[in-house]
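Student: I have a model open and would like to go through its strands, helices and cores with you. Can we start with the strand pairing?

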Amino acid sequence: LALTPDQPSCPRLLRVAIIGAPNAGKSTLANQILGRKVFGVSRKVHTTRCTSAGVLTEDDAQIVLLDTPGLTSPSRSKRHGLAPSFTKDPQASLEQADVVLVCVDVSDPWLKTRCQLDAQTLNCLRKNPELPSLLVLNKVDILKGKSDLLEITEALSYDVTAALARDKRVAAEEAGSEPDGAGPLHEGAEPPKEVTRPRRHGRAPRSFFHDVFMVSALNGDEVETLRGYLLSRARASPWRFHSSVLTDQTPMQLSLDAVRARLLEVLPQEVPYLIKQSVLHWEEGPSGELHIIQQLTVTKNSHMRMLLGRGGSCVAAVSRLAQWDLSSVFLRDVRLNLSVKLIS
């Protein structure tokens, strides 16, 4: 991170903010685009706690992916004791971005739910109406009714278009004038019944979103198409990072996040959220291998027993899996040891 960006003769840059509801697959998608597991992922919500940047550099183009926490309301954040970053970081990332990528999980079995943007995502888009937006329908491999994808795309786009029209009308009413081009998009209006089928990636008629992509971030299906699209959209601008940089996170932070993600995977309910982590030892060996010792602190005996597992099997599994993740990020051998401490 301390390296000065090695600018090519004609550098191009694109900053992409990835937003969406918790567990929409934002971090998994970012990892697939980068080609490395930089961001921690798990099946539990709030694995990502603050915005982090992932950097993809190819030829003269550099893409900076801003992976944000799952959008949540201030009241819910307060109720669950979440850090301020959960409500502030997504909006702040949009202010830095050239384009926003809206990631939506379409695997929800309830069509009505997956055809509506959650209130927080909609609010972010309403605050940044001029920022180009891409819609990414994720987990399409799980969706049984592929014919629903067109309906979902139309409904999600209409959500934003109608909200912006209402905002425009209210502003015009407050100013004592008629909104320009408000047309039929008034409150309570029905979405259009028939539209031309949008291309898989291309401008969809009547769409708020500039382009629509249908992907499976977990399997990598169609992610290469999205990756190529983003690289092609980079515009003339100096690079933000050296070409060797993969993320703005420090190595220690990467190690903490890798362990936390694995704790979220193997431990039940709220237990992993209550574990405090710290790095006790960090050393590079003579052959370039990393030796890392982390301490996991818990406050209840029951949590201690769950974390250790029978014969230490649980904490050993977490260590083994996180060690594998870190080896793939750092491209070197990693020796990770986890110690568990109980504080009454």
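Tutor: Let us begin with one bridge: Ile-19 stands opposite Val-102 in β4, where strands are DSSP runs of E with at least two residues, helices are DSSP runs of H or I with at least four, and both are numbered from the N terminus. This is a predicted model, in which local features need pLDDT of at least 70 and side-chain atom pairs count only at pLDDT 80 or more, while totals for chains, interfaces and linings use all residues. Residues are numbered from 1 along each chain as its sequence is written, and side-chain values use heavy atoms, with hydrogens and water left out.

Student: Which way do β1 and β4 pair, and over how many bridges?

Tutor: β1 and β4 (residues 99-105) pair in the parallel sense over 4 bridges, two strands being counted as paired if DSSP finds at least two bridges between them. β1 is also joined to β3 (residues 61-67) by 7 bridges, again in a parallel run, and there Leu-13 has Gln-62 opposite it. With β7 (residues 235-236), β1 pairs in the antiparallel sense over 2 bridges, and Arg-12 has Ala-236 as its bridge partner in β7.

Student: Is β1 mostly covered or mostly open?

Tutor: Strand β1 (residues 12-19) is mostly covered, with 6 of its 8 residues buried; buried means under 20% relative accessible area, exposed over 50%, and partly exposed in between, with a 1.4 Å probe and protein chains only.

Student: And why is α1 described as largely enclosed?

Tutor: Helix α1 (residues 26-34) has 7 of its 9 residues buried, so it is largely enclosed by the rest of the structure. Its buried residues, among them Leu-29, Ala-30 and Ile-33, pack against β1, β2 (52-58), β3, β4, β5 (133-138) and α7 (223-233), contact meaning heavy atoms within 4.5 Å. Just after α1, Gly-35 takes a positive phi of about 85°.

Student: What does Leu-29 touch further along the sequence?

Tutor: Leaving out residues up to four places away in sequence, Leu-29 touches Leu-101, Cys-103, Val-136, Val-215, Ala-217, Val-223 and Leu-226. In the largest nonpolar core, which has 52 residues, Leu-29 is among those touching the most other members, together with Val-16, Ile-63, Leu-65 and Leu-230; such a core is a set of buried Ala, Val, Leu, Ile, Met, Phe, Trp, Tyr and Cys residues joined through side-chain atoms within 4.5 Å.

Student: Which helix gives this core its largest share?

Tutor: That is helix α10 (residues 313-330), with 7 residues.

Student: Switching topic, what is the strand order in the open sheet?

Tutor: The order is β8-β9-β10, with mixed pairing, and the edge strands, each pairing on one side only, are β8 (276-284) and β10 (334-342). Between β8 and β9 (residues 290-298) there are 8 bridges in the antiparallel sense, and Gln-277 stands opposite Leu-296 in β9.

Student: How do α9 and α10 cross?

Tutor: Their axes come within 4 Å and cross at roughly 60°, the axes being lines fitted to C-alpha atoms, for helices over the stretch in contact, with angles from 0 to 180 degrees between N-to-C directions. α9 and α10 are therefore oblique to each other, since angles under 35 degrees count as roughly parallel, over 145 as roughly antiparallel, 65 to 115 as roughly perpendicular and the rest as oblique. The contact is made by Met-306, Leu-307 and Leu-308 of α9 with Ser-313, Cys-314 and Val-315 of α10.
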